[in-house]
Amino acid sequence: MTPEEADKYQQWAGMDGTTAWHLIERHADGWDDVGQMMNAWLRANLAKALDEVADEEPINGNELAQIRVRMKADRVRSNV
């Protein structure tokens, strides 16, 4: 399956991930098809997802640093 075929295989735009996975798992003929269809779903829904987060306030450097410290601490705790 080519990317173009995957784009035309379903009406991916606006489809939730659960439905997309169900259709992909049911109709894909091997892992290459799974990847092509998942990428087609992503391409069809990426613009909407980016538009939704564009309305949010951007995260600043200090907030990002705090998040990274928390994530690192969580990883350390989970490895104990």
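These are my notebook entries on a predicted model, from the whole chain down to one helix and some of its residues.

**Overall fold**

I began with the secondary structure and found 4 helices and 0 strands in the protein chain, so that, read from the N terminus on, the elements run α-α-α-α.

**Surface and contacts**

I next looked up the accessible surface of the protein chain, which comes to about 6,500 Å², with 55% of that area belonging to carbon and sulfur atoms. Of the 80 residues in the chain, I noted that 16% are buried. For the contacts with a separation of 6 or more, I recorded that 58% are between residues 24 or more positions apart.

**Gln 36**

I then turned to helix α3, which covers residues 31-54 and holds Gln 36. Is Gln 36 buried or exposed? The relative accessible area of Gln 36 is 16%, and because the cut-off for burial is under 20%, I entered Gln 36 as buried. Leaving aside residues up to four places away in sequence, I listed what Gln 36 touches: Met 1, Thr 2, Pro 3 and Ala 6, together with Arg 43.

**The leucine patch**

Which residues form a nonpolar patch on the surface? I found that Leu 42, Leu 46 and Leu 50 do so, and that their accessible area together is about 260 Å². I also checked the place of Leu 50, which is found in helix α3, the helix that has Gln 36 among its residues.

Key: Residues numbered from 1 in each chain as written. Predicted model: local features only at pLDDT ≥ 70, side-chain atom pairs only at ≥ 80, totals over all residues. Heavy atoms only, no water. Helix = DSSP H or I, 4+ residues; strand = E, 2+ residues; numbered from the N terminus. Buried < 20%, exposed > 50% of the residue type's maximum accessible area, 1.4 Å probe, protein only. Contact = heavy atoms within 4.5 Å. Patch = residues over 30% accessible without salt bridge, like charges linked within 9 Å, V, L, I, M, F, W, Y side chains within 5 Å. Areas by Shrake-Rupley, 256 points an atom, 1.4 Å probe, with all protein chains shown as cover. Salt bridge = Lys/Arg side-chain N within 4 Å of Asp/Glu carboxyl O.
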